[in-house]
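User: I am new to this structure and would like a close look at a single part of it. Could you walk me through the helix and what surrounds it?

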Amino acid sequence: MPRFDAHTAECFVYAKREGLLSAVGHDLKLRVADFHVSVDDARTAVEASFRADSIEVVSAMHGDRQSSERVSDRERREIEANARFEVLDAKRHPDIAFHSTRVATAGDGWTVEGALRLHGTERSIRVSVKREGSVLVARTTLHQPDFGIRPFRAMLGALKIQPDVGVEIRIPEGPEGEA
């Protein structure tokens, strides 16, 4: 069973801002620095675990691209602390876990359905997997309130993160087409 982690794969979370003062915030690309993904040899089952306290800021985003706008070290530390301990409550809920219940071929990729346990709440989710060159890219959108998470808010709610966040996992595909 191929197993991937932060040394062999990547896991990103994309958060967008909204609110009256959204111009003072950043759309963000975050990295999960501690995770494991296992895919069975027949690509019929997926198991994954993620550490909520390993969220790191990669960059500010402008649309679908990394922005040249710099996130200061102070902002980076503040964002990471808020994401880890205020939003995800990593002290009470340190582990995020996924296990598939169904994997099906869908066009030139796969659809993976399963249960995600996040913030102490388990919900069914669907993940789309596509081949992009030599990488398998899994994408889903999570609605934070579905997991009992209150999206980050500051300045009396004039600056906040949208309830939906994007999640992307990038896994290198082996020479024989193995994940």
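Analyst: Here is a walk around the helix, with a little background before and after it.

A word on the model: it is predicted, so local features need pLDDT of at least 70 and side-chain atom pairs count only at pLDDT 80 or more, while totals for chains, interfaces and linings use all residues. Residues are numbered from 1 along each chain as its sequence is written, and side-chain values use heavy atoms, with hydrogens and water left out.

The protein chain holds one helix and 15 strands. Both kinds of element are DSSP runs numbered from the N terminus, helices (H or I) having at least four residues and strands (E) at least two. Of the 179 residues in the chain, 46% are buried; buried means under 20% relative accessible area, exposed over 50%, and partly exposed in between, with a 1.4 Å probe and protein chains only.

Now to the helix itself. H1 covers residues 73–87, which makes 15 residues. The expected span is 1.5 Å times one less than the number of residues, so H1 should span 21 Å, and its end C-alpha atoms are 20 Å apart, which agrees.

Which residues of H1 are buried? They are Ile79, Glu80, Asn82, Ala83, Arg84 and Val87. An α-helix has 3.6 residues a turn, so residues three or four places apart point the same way. The buried residues of H1 pack against strand E4 (27–32) and strand E7 (55–62), where contact means heavy atoms within 4.5 Å.

Just after the helix comes a residue worth a pause. Aspartate 89 follows H1 and lies in the loop between H1 and strand E9 (95–106). Its phi is positive, about 50 degrees, although aspartate 89 is not a glycine. Aspartate 89 is buried, with a relative accessible area of 17%.

Elsewhere in the chain, arginine 43 also has a positive phi, near 55 degrees, and is a residue other than glycine. Arginine 43 sits in the loop between strand E5 (35–39) and strand E6 (46–51), and is buried at a relative accessible area of 16%.

For the wider setting, the largest nonpolar core has 44 residues, and those with the most contacts inside it are Val37, Phe50, Leu116, Leu118 and Leu142. Such a core is a set of buried Ala, Val, Leu, Ile, Met, Phe, Trp, Tyr and Cys residues joined through side-chain atoms within 4.5 Å. Leucine 142, leaving aside residues up to four places away in sequence, touches several partners, including Leu116, Leu118, Ile125 and Phe147.
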